[in-house]
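Good morning, everyone, and thank you for making time for this. Please have a look at the sequence and the structure while I talk you through a helix, a residue and some salt bridges.

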Amino acid sequence: MEPTTELDARFSAQNAAATPWTEAREQLANAETYWLSTVRADGRPHVTTLLAVWQDDALHFCTGAQEQKARNLEGNRNCVLTTGASALHEGLDLMVEGVAERVTDPGRLKRLADTWEAKYTAEWHFDVGDGVFVNAHGGEAMVFAVAPAKVLGFRKGDYAQTRWLFR
């Protein structure tokens, strides 16, 4: 799906150009770590680092059912996944806003498990259980997909803020 691309001149250098979606999507696919922001039941924010894979026009992550992020998503599935560089003068930071949807289809989970292992090596091998990933120690992890509703990109150096909207 191709989004609508907009440059926000308020936060961009005078001659800045919008970052192409293909570049942002490539970085979303190739980043090694991401930060997931969710909201606790009492309204306080919760942020944690995790691994994710890009497949079928969405970012996917997994979590144990008893972890804070899973409990947060039970009450509010709106979330933000962030990735980028912590450098001031170079790189592209990306924020993906969307709704976390549980993935339980065995075929889709198998494809995701294969993608996880291809990206992160056999250290991150998962088998597929009953609607979950199963790790080498028998631990289960729920899998979530976040299809972007909006993505914000902050290019550093040649400062440019790009917004991609998905309809």
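I will begin with the surroundings of helix 2: its buried residues are covered by parts of the chain that include strand 2 (34-39), strand 3 (45-50), strand 5 (58-63), strand 6 (78-83), strand 7 (92-103) and strand 10 (140-155). Before going on, I should say that this is a predicted model, in which local features need pLDDT of at least 70 and side-chain atom pairs count only at pLDDT 80 or more, while totals for chains, interfaces and linings use all residues. Residues are numbered from 1 along each chain as its sequence is written, and side-chain values use heavy atoms, with hydrogens and water left out.

By helices and strands I mean DSSP runs, numbered from the N terminus, with at least four residues of H or I for a helix and at least two of E for a strand. Buried means under 20% relative accessible area, exposed means over 50%, and partly exposed lies in between, using a 1.4 Å probe and protein chains only.

Which residues of helix 2 are buried? In this helix, residues 68-75, they are Lys 69, Ala 70, Asn 72 and Leu 73. They lie on the same side of helix 2 because they cover an arc of only 160 degrees around the axis, the arc being that of the directions from the helix axis to the C-beta atoms. On the face turned away from that buried side, we find the exposed residues Glu 74 and Gly 75.

Let us move to strand 10, where Val 143 is found. Val 143 is buried, with a relative accessible area of 0%. Leaving aside residues up to four places away in sequence, Val 143 touches several others, among them Phe 61, Cys 62, Leu 109 and Phe 133, where contact means heavy atoms within 4.5 Å.

Finally, the salt bridges, each a side-chain nitrogen of Lys or Arg within 4 Å of a carboxyl oxygen of Asp or Glu. How many does a search of the whole structure find? There are 11 salt bridges. One of them joins the side chains of Glu 23 and Arg 155, at 2.5 Å from N to O. That pair links distant parts of the chain, with Glu 23 in helix 1 (residues 21-30) and Arg 155 in strand 10, 132 residues apart. By contrast, Lys 110 and Asp 114, whose side chains meet in a salt bridge at 2.7 Å, N to O, both lie in helix 3, 4 residues apart, or about one turn of the helix.
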